[in-house]
Amino acid sequence: MGKPTGFMDYKREVSRAAEPKERVKNFNEFHEPLPQEKQQLQGARCMECGVPFCQAGMNICGMTSGCPLHNLVPEWNDLVYTGNWKQAYNRLKKTNSFPEFTSRVCPALCEAACTCGLNGEPVATKENEYAIIENAYSKGYAAANPPKVRTGKRVAVVGSGPAGLAVADQLNKRGHSVTVYERSDRIGGLLMYGIPNMKLEKKIVERKVKIMEEEGVTFITGTDVGKDVKAETLLKEYHRVVLACGSSNPRDIQAAGRDAKGIYFAVDFLKANTKSLLDSRFEDGKFINTRDKNVVIIGGGDTGNDCVGTAIRHGCKSVTQIEMMPKAPDSRAENNPWPEWPRVCKTDYGQEEAIALFGHDPRIYESTVKEFVKDKNGSLKAVKIVKLQWEKDEKTGRMNMKEVSGSEQTLPAEIVLIAAGFLGSQKYVTDAFKVELNERTNVKTAPDAYETSVKNVFVAGDMHRGQSLVVWAIREGREAARAVDESLMGYSNLMVQ
């Protein structure tokens with residue numbers, strides 16, 4: 001432990017975010033990292049606990065506490081403090097394939113479980129991770145390192161999101177020849193088109209993909225497996241196939257007037273926005289423009305918040321976010337003790353920007369859409385919402401949400417974005433490979449396993465576990481890679497955790 005009193009000597013300090021009214025003028029990342037000297041002091045705040053919940057990744061009361069990748073957090077926090085940046089990078093990369101992604105988009109499960117957070121502020125672990133990986137790139141530690149020996153085994157990975165990339169990265173390091181198939185025009189999946197540029201600039205994704213190419217991974221874009229390429233072809237040409245196509249079916253909202261023009265799924269809105277930004281800086285007009293429009297977003301999660309931030313950057317007239325659930329408390333409730341994940345109200349960057357520009361929080365809680373109101377041309381002009389309340393079903397004992405009579409409200413809206421989550425893998429892919437599905441239409445495997453019901457076909461990521469976090473996708477990819485390696489070689493020396 002570098003400094004036993006560090007957690008008392010130094011206050012938590014994190015990167016400075018640009019002011020909301022300034023950062024909405026562009027789609028760039030907007031945090032200014034701490035100087036290296038100050039970042040090292042943040043490493044000194046780590047207590048190196050005897051039981052480091054930060055790296056546990058365990059399930060407590062149905063929620064994950066600590067990092068699912070089991071990152072060696074106390075070790076590299078100490079190495080940051082002592083200035084051993086190269087060794088810190090080596091320890092970080094043992095467990096995390098892509099710290100350049102998680103240090104930007106992960107909700108920091110490690111910090112929520114930090115012991116310092118029990119009676120004070122947690123260690124700034126996420127930003128320490130950012131400092132480690134960005135320093136590694138600047139010093140050349142993160143440069144390409146191709147395997148010295150090839151096994152002669154060929155593996156196809158279908159999908160290039162975080163799970164697919166993790167599978168490819170691990171198996172390539174083992175010496176297998178890996179080809180990644182991506183149906184979009186750019187590699188990255190969710191990382192490229194599901195997360196806005198201001199949270200994860202796409203040059204960061206492209207930087208890592210370029211290194212993976214230099215290390216020997218082959219990427220094929222614009223190829224939709226199950227349509228452009230038959231499953232049988234991949235199974236003949238490769239020793240193993242890994243499906244990592246995500247949980248791609250957006251949940252819909254079935255209310256009167258759903259056929260109105262102006263209603264879009266959030267994933268389509270975000271993808272079109274990023275693609276137009278990258279292709280032409282929006283000059284091609286191939287995006288859903290919210291300028292001078294009243295925008296209503298259905299869904300209160302990260303995707304909904306990303307839609308808020310994106311709509312604001314295009315100059316929307318107003319933005320409202322509808323959430324079915326009640327507002328969470330501002331601080332931990334007594335029945336939500338540390339080290340459980342804190343069920344508290346989070347005001348994210350998009351909501352901060354809405355407050356700064358429009359003077360109020362965009363969220364309306366405990367509400368749902370009752371009707372989409374159309375004008376005479378069939379275009380959306382308003383949304384009718386209704387308040388909800390929890391009621392106990394006397395027969396089953398279950399709590400159900402019921403409409404509150406007389407609570408209807410009409411909101412002006414020319415654009416609605418549905419950000420209600422995703423459910424299940426896409427049918428044409430699973431049909432093509434004839435893999436068995438579970439009751440949630442995710443690909444079925446044995447518990448804690450990754451091989452499907454079809455020989456030599458494996459699965460990883462959201463397609464396997466359902467919609468989840470990038471950090472979970474990376475863990476799934478690493479574990480699936482180990483399972484594939486064992487099936488090919490009879491054993492595996494790939495580190496999962």
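Author: Two strands pair if DSSP finds at least two bridges between them, and strands (E, at least two residues) and helices (H or I, at least four) are DSSP runs numbered from the N terminus. The model is predicted, so local features need pLDDT of at least 70 and side-chain atom pairs 80 or more, while totals for chains, interfaces and linings use all residues. Residues count from 1 along each chain, and side-chain values use heavy atoms, without hydrogens or water.

Reader: Thanks! In the hairpin of S13 and S14, which residue takes a positive phi?

Author: Strand S13 covers residues 367-374 and strand S14 residues 380-392, and 7 bridges join them in an antiparallel arrangement. One pair to look for is Glu371 with its bridge partner Lys384 in S14. The hairpin leaves 5 residues between the strands, and the one with a positive phi, near 85°, is Gly378.

Reader: Which strands stand at the edges of the open sheet of 5 strands?

Author: The order is S7-S6-S5-S8-S18, and the pairing is parallel. Two strands, 218-220 and 457-459, each have a single partner strand, so one side of each is left without a neighbour in the sheet: these are S7 and S18.

Reader: In S7, what is the bridge partner of Thr179?

Author: Thr179 takes us to strand S6, residues 177-181, which pairs with S7 in the parallel sense over 3 bridges. In S7, the partner of Thr179 is Thr218.

Reader: Let's turn to helices. How is H5 oriented relative to H8?

Author: Helix H5, residues 85-95, packs on H8 with the axes 9 Å apart and at an angle of about 110°. Axes are lines fitted to C-alpha atoms over the stretch in contact, with angles from 0 to 180 degrees between N-to-C directions. Angles of 65 to 115 degrees count as roughly perpendicular, so H5 is to H8 roughly perpendicular.

Reader: Which residues in H5 meet H8?

Author: By class, this contact (heavy atoms within 4.5 Å) has 8 nonpolar, 1 polar and 1 charged residues. Nonpolar here means Ala, Val, Leu, Ile, Met, Phe, Trp, Tyr, Cys and Pro; charged means Asp, Glu, Lys and Arg; the others, Gly among them, are polar. Glu129, Ala131, Ile132, Ile133, Asn135 and Ala136 in H8 are met by Trp85, Ala88, Tyr89 and Leu92.

Reader: Which helix supplies the largest share of the lining of the largest cavity?

Author: On a 1 Å grid, a cavity is where a 1.4 Å probe fits but cannot get out, a pocket is an open set with protein on both sides within 12 Å along at least five of seven lines, and lining residues have an atom within 4 Å of a point. The largest cavity has 14 lining residues, with Cys67, Asn71, Cys106, Cys110 and Glu129 nearest its centre. Helices H4 (73-81), H7 (109-112) and H8 (125-139) each supply at least two residues. With 3 residues, the largest share comes from H8.

Reader: And which helix gives the largest share of the lining of the second largest pocket?

Author: This pocket has 23 lining residues, and Lys93, Asn145, Gln170, Lys173 and Glu215 lie nearest its centre. H5, H9 (162-174) and H11 (202-214) each give two or more residues. The lining divides into 9 nonpolar, 6 polar and 8 charged residues. The largest share, 5 residues, comes from H9.

Methods: Angles under 35 degrees count as roughly parallel, over 145 as roughly antiparallel, 65 to 115 as roughly perpendicular and the rest as oblique.
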